[in-house]
Amino acid sequence: MARIEHVTVTPVAFRDPPLLNAMGVHEPWCQRNIVELRIEGGTVGLGETYGDEAILRCLRNAAPRLVGLHVLDLNGLGARVRDAVAEIAIEDPESSARTSKATLTPRIFGAFEVACWDAFGRHTNTPVCDLLGGRVRERIPFAAYLFYKFERHRFDPTAPDDPWGEALTPEGVVDQAKRMVELHGFRALKLKAGVLEPEAEIEAIRALRGAFPNAPLRIDPNGAWHVHTTLRLLPQMEGLLEYLEDPTLGIPGMAVIQAATKMPLATNMCVVAFDHLPPGIAQGAVRIVLSDHHYWGGLAASRELARICATWGLGLSMHSNSHLGISLAAMAHLAAATPNLTYDCDTHYPWLEDDLIVGGKLAIRDGSVALPQGPGLGVELDQAALARMHQDYQDCGLRKRDDASEMRKYQPDWSSRRPRL
Ligand code: GKR
Ligand code: MG
């Protein structure tokens, strides 16, 4: 038997550099929730997800209801998570779109589901990728994730200096890319945009092309550009990019842009749930979907997404937010078991200073992560690091990600309205 016996959820926080995006700037601390799910016999599976307080409340409301479920009863897990989320979402008037009932359910489910696969894998001495259908690769290629960046967190005197420095010009972006490539050997380069005027960001892409003649390049304004702005700029980007990610918001606007260019459009913003696929496909909004097991509802659902993309001739890449090593291990196992995941995946991991898995951060070498060895996800939780990061969570006082408020400390009249450029 492999029934769930106990589930613990621990919020943690870790230092995050002042990375800029269309929503504002990263706060000095990023929060995550860590799931430890114990099954009969004492085996523990791990999961990791977003750290917002609404997520924590849902996870904690669901956790005791999982006791007694077979660890691979994913339908049972789904029903219990839906009930638990319904109670919290109704109670939580502050729920933003990111934490509404519809978006919360797959997120909460995904965090537990990963822990279930990890526990079952350990229980049966099988790596998660082999439970998901078998590995098609042993090393998972990732892309360098480049950000415009302030030099330091000006409003947190306790924030340590980081080794990356400021990046607000094409030269700064190229220097950042050179350091990333030197440290990790990345092949593809992605620039997080929606920060400066679009022309200045395209100039940075041109500078990257000059410094890295063969690198696949991507730009991601996170919906900050108007459709008419993007249409005007298309000729400048044509032939320069591997893909253009979420220039504008919404399926109809993306569809207008995709119809006007040969360049593939990619998204982690307008097709982010199964019911977005029919309109997204019918309108031809994108040619590439960025999967993410954290919000698509776990590893098995992400494999289903991959199958749908293959069926409809859509490309598949992988999205990332700031995360720790449990998420990286889960992303690596999913990517290893997904044959049509042919684009180098995103990861924020190089921006992380410290991890909570035994042995510290997983290595990214030659632009790829080696599939962690061993049963399950192949990573162990360092309990001392977990306790330390939980203490940091208690002390830092941040309870939900809010890049816009952080940005307004630097520029009080700053607006997060999108599209705005
Ligand atoms: O962490 O600043 C960030 C990113 O902008 C993140 O929030 C996005 O979700 O990386 C993401 C993306 O590709 O859109
Ligand atoms: Mg994106």
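Here is a short chat between a visitor and a guide about this predicted model.

Visitor: Before we start, how was this model set up, and what is its mean pLDDT?
Guide: It's predicted, so to speak: local features need pLDDT of at least 70, side-chain atom pairs count only at pLDDT 80 or more, and totals for chains, interfaces and linings use all residues. Residues are numbered from 1 along each chain as its sequence is written, chains are lettered from A and ligands numbered from 1 in the order in which they are written, and side-chain values use heavy atoms, with hydrogens and water left out. pLDDT is the predictor's confidence in each residue, from 0 to 100. Here 98% of the residues reach 70 or more, and the mean is 96.

Visitor: Which element has the lowest mean pLDDT?
Guide: Elements are DSSP runs numbered from the N terminus: helices are H or I, at least four residues, and strands are E, at least two. Strand β8 has the highest mean, 99. At the other end, with a mean of 91, sits helix α2 (residues 74-91).

Visitor: In what order do the seven strands of the open sheet run?
Guide: Two strands pair if DSSP finds at least two bridges between them, and the pairing in this sheet is parallel. The edge strands, each paired on one side only, are β7 (144-147) and β13 (315-318). The order is β7-β8-β9-β10-β11-β12-β13.

Visitor: Which helix lies across β7, β8 and β9?
Guide: Contact here means heavy atoms within 4.5 Å. Axes are lines fitted to C-alpha atoms, for helices over the stretch in contact, and angles run from 0 to 180 degrees between N-to-C directions. The helix in question runs at about 165° to β9, and it is α6 (residues 198-211).

Visitor: Which residues coordinate the magnesium ion (ligand 2)?
Guide: Donors are N, O and S atoms within 2.8 Å of the metal (3.2 Å for Na, K and Ca), and water is not among the atoms, so sites may look incomplete. The coordinating atoms lie at 1.9 to 2.2 Å, and the donor residues are spaced D-x24-E-x22-N in sequence. They are Asp220, Glu245 and Asn268.

Visitor: What is the bridge partner of Glu245?
Guide: Strand β10 (residues 243-245) pairs with β11 in the parallel sense, over two bridges. In β11, the partner of Glu245 is Ala266.

Visitor: Is Asp220 buried or exposed?
Guide: Buried means under 20% relative accessible area, exposed over 50%, and partly exposed in between (1.4 Å probe, protein chains only). Asn268 has 10% relative accessibility and counts as buried. Asp220 has 0%, so it too counts as buried.

Visitor: Where is Asp246, which has a positive phi although it is not a glycine?
Guide: Its phi is about 40°, and Asp246 is buried, with a relative accessible area of 0%. Its place is in the loop between β10 and α8 (251-259).

Visitor: Within what arc do the buried residues of α14 fall?
Guide: In helix α14 (residues 403-410), Asp403, Ala404, Glu406, Met407 and Tyr410 are buried. The arc is that of the directions from the helix axis to the C-beta atoms. Seen down the axis, the buried residues line one face of α14, because they fall within an arc of 160°.

Visitor: Which peptide bond is cis, with omega near -10°?
Guide: Look in the segment after α14, which is the place of Pro419. The cis bond runs from Arg418 to Pro419.
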